[in-house]
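Student: Could we go through a protein model together, one question at a time? I would like to see how each answer is reached.

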Amino acid sequence: MDPSQVPNLYKQQRGPPKIKNKNPAPIQITAEQILREAKERQESAKKAPRQKISDLEELSEYRLRKRKEFEDAIRRNRLNIGSWLKYATWEESQKELNRARSIYERALDVDSRNVTLFIKYTEMEMKNRNINHARNLFDRAVTLLPRVDQFWYKYTYMEEMLGNVAGARQIFERWMQWEPDESAWKTYIKMEKRYKEIDRARAIYERFVNVHPEPKNWLKWVKFEEEQNNLEKCREILSQAIEVLGEDHMDQKIFIAFAKFETRLKEFERARIIYKYALDKLPRSKSESLYNAYTQFEKQHGDKDEIEDVVVGKRRLQYDEELAANPKNYDIWFDYARLEENASDIEKVREIYERAIAQVPPTQEKRFWRRYIYLWINYALYEELETKDYDRTRQIYQECLKIIPHKKFTFAKIWLLYAQFEIRRLDLQAARKSLGMAIGMCPKDRLFKGYIEIELQLREFDRCRTLYTKYLEHNPSNCYAWIKFAELERMLGDYDRCRAIFELAVEQPTLDMPELLWKAYIDFEFTEEEFEKTRLLYQRLLEKTGHVKVWISFAQFELNADEGDKQGALERARKVFENAYQSMKEKELKEERVLLLESWKEFETNHGNQETLSTVEAKMPKVVKKRRKLEETEGQTGVAWEEYFDYIFPDDQTQQPNFKLLAMAHAWRQQQQQQQQNQEIQE
């Protein structure tokens, strides 16, 4: 058969199989019940019978049988060391040491470099107090495998436990000839210290640092000599460590320990010289801890000037290196300028700022200029606040405004800061001139807002009106500007002008946030208790948008607009709800009708009677679950359905047949179930 004709089941059915019946099973089984049944049905393991040996003949037979089993196992696989170890351990348990030795020797003939065999062999001899046998085995092991430290540790430990310190020392000497790792040397030194052999320990340390010249080993030798109160020897060791390690392998830990040692001896000048020598020799990346230690030393034993010189000098080198690698890193320029400002060197600060602002971004894109422009701002604020050089501050602002490409983008912050500076210098004309130039060259919303805020603070309301007019000519769709302009007129008490501004605003063809504008207009009329005008505004707004929230707000207004007739207010609010419901019913907006009915129900609950509440509750919809077919996507096979919730309203004529069909279906199903139950009873 042609393989191409075989149906590809994997392509026909993708994903998990579809479950038709999603109802829960009538009998539920928990995981705990499954585990309990599995435990109950589990068969108990059968234990081997215990064998009791009553006489010597049975013992001999038992031993013969076990030995035969072990020999057969070894014969099948001679390379399985576990079989040899079990065999030897069993012979040892039978007190047959000669046989056990024979087995270990046979095993060593098979694998003469197996560490486990030697360890078990020597442990057997030591356990049975055969010291000479154990010594011979250790000699064989360390001669054959001198790089296995475990043999040396056990060998020396055995000799020391036997009180043979000279023998243990001799074994350590043999071991040290192989130049083992650091732990072996430390063990040797600890043994000599236990027996108060200080000179021997000192000699071992000297050999130790020659084999392993790491800085930590030199420091351990220094600590040992300091414990012995041999201070001159400590100084000699640290000096020798600096010479031996050289500049290539030098570590800051040596210098820190040397300086702290001199500090403990009250030799502060020696310590200071060591710190300075180390900072000159070591690169910055390897001297962070050294620098921190030096700073702490100067705080305790130096004066303020020396501390600041150390900090500033070190940071300058660091910043210069980073800026040499990337001169456009403006964050480094900020840190560098802040460092020089703290050092209180005005000329140096100006030099850094001039170098920083010279690094103009390479492209005329605003995102590259955002950090750069703050260099100019910080420079100008420093000259104004710290040096009090106002002419230089004005020059900085002007140069900054010249360098910005205003035809592509601008920074309103610079214009506003410059204007505020001129106001602080009592030159109001220059401030207005600069802001007028900014609006003429590159009008922005923030520029208008800042300029208007300045004029408001100066109580120049006519200028504010002019600026709002220019603002709205520039951007007539900005609802914020219309609202603020109207609020200004309202604050000045000119309500007709305020109302005229709102009328102009709502008549604009495009608005960015019209809902805020209408809300502000309606709130204004409501606050002024112009209820009829407010009602007309709501009606005009509903002609533009029939949103459910507008209807609800309209109803709330009618409820709160108590013109001396509370019952009339309730009727007007109820009428608004009815009109809203009818409008949404005509537009077939189901979810909006549900929101409206919930608000209407709450209204009737708080202010209506039982009859009106029942009328609203009768309009509440029924929630039903339905299925609808999804649109087929590319690569999808089969028909996909999704479930969704729908609302069925009692007063929808188009859905009445669905109600009748659904009721008939329920009745038929109940009839079928009743007939089935009757048949079961008869059977």
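Here is a friendly conversation about this predicted model.

Student: Let's begin with the overall make-up. How many helices and strands does the protein have?

Tutor: Good place to begin! The chain runs to 683 residues, and buried ones make up 37% of them. As for secondary structure, the count is 34 helices and 2 strands.

Student: Of the contacts between residues at least 6 apart in sequence, what percentage join residues at least 24 apart?

Tutor: Here we set aside pairs that lie closer than 6 places along the chain. Among the contacts that remain, those joining residues at least 24 apart come to 46%.

Student: And the outside? What part of the accessible surface belongs to carbon and sulfur atoms?

Tutor: The accessible surface of the protein is about 43500 Å². Of that area, the share of carbon and sulfur atoms is 49%.

Student: Now the inside. Which helix gives the largest share of the largest nonpolar core?

Tutor: In soluble globular proteins, nonpolar side chains tend to be buried together. The largest core here has 97 residues, and Leu375, Ile414, Phe502, Leu517 and Leu596 have the most contacts inside it. The largest share of this core is 9 residues, and they come from helix α20. A second, separate core of 72 residues includes Ala168 and Phe224, but the helix you asked for is α20.

Student: Which residues does Phe502 touch, leaving out those up to four places away in sequence?

Tutor: Phe502 is among the residues with the most contacts inside the largest core, and so is Leu517. Beyond its sequence neighbours, Phe502 touches Ala486, Leu517, Ala520, Tyr521 and Phe524.

Student: Is Leu435 buried or exposed?

Tutor: Leu435 lies in helix α23, which covers residues 428-441. Leaving aside neighbours within four places, Leu435 is in contact with Trp415, Leu416, Ala419, Tyr451 and Ile454. The cut-off for buried is under 20% relative accessible area. Leu435 has 2%, so the answer is buried.

Student: How far apart in space are Leu435 and Gly450, C-alpha to C-alpha?

Tutor: Along the sequence, the two are 15 residues apart. In space, from C-alpha to C-alpha, the distance is 9.2 Å.

Student: What about Ser583, buried or exposed?

Tutor: Ser583 is found in helix α31, residues 566-587. Its C-alpha atom is 10.0 Å from that of Val548, which is 35 residues away along the chain. With a relative accessible area of 18%, Ser583 falls under the 20% cut-off, so Ser583 counts as buried.

Student: Which helix gives the most to the lining of the largest pocket?

Tutor: This pocket has a volume of about 420 Å³. Its lining has 20 residues, with Glu515, Lys519, Ile522, Leu541 and Ser553 nearest the centre. Helices α28, α29 and α30 each supply at least two lining residues. The one that gives the most, with 8 residues, is α28.

Student: How do the lining residues of that pocket divide by type?

Tutor: We sort the lining into three groups. The result is 9 nonpolar, 6 polar and 5 charged.

Student: One last thing: where is Lys388, whose phi is positive?

Tutor: Most residues other than glycine have a negative phi. Lys388 has a phi near 60 degrees, and Glu179, also not a glycine, has a positive phi of about 50 degrees. Glu179 sits in the loop between α9 and α10. The place of Lys388 is the loop between α20 and α21.

Methods: Residues are numbered from 1 along each chain as its sequence is written. This is a predicted model: local features need pLDDT of at least 70, side-chain atom pairs count only at pLDDT 80 or more; totals for chains, interfaces and linings use all residues. Side-chain values use heavy atoms; hydrogens and water are left out. Helices (H or I, at least four residues) and strands (E, at least two) are DSSP runs, numbered from the N terminus. Buried means under 20% relative accessible area, exposed over 50%, partly exposed in between (1.4 Å probe, protein chains only). Contact means heavy atoms within 4.5 Å. On a 1 Å grid over the protein atoms alone, a cavity is a set of points where a 1.4 Å probe fits but cannot get out, and a pocket is an open set with protein on both sides within 12 Å along at least five of seven lines; lining residues have an atom within 4 Å of a point. Grid points are joined across faces, edges and corners, and a volume is the space filled by probe spheres set on the points. Ala, Val, Leu, Ile, Met, Phe, Trp, Tyr, Cys and Pro count as nonpolar, Asp, Glu, Lys and Arg as charged, and the others, Gly among them, as polar. A nonpolar core is a set of buried Ala, Val, Leu, Ile, Met, Phe, Trp, Tyr and Cys residues joined through side-chain atoms within 4.5 Å. Accessible areas come from the Shrake-Rupley method with a 1.4 Å probe; for residues, only the protein chains shown count as cover.
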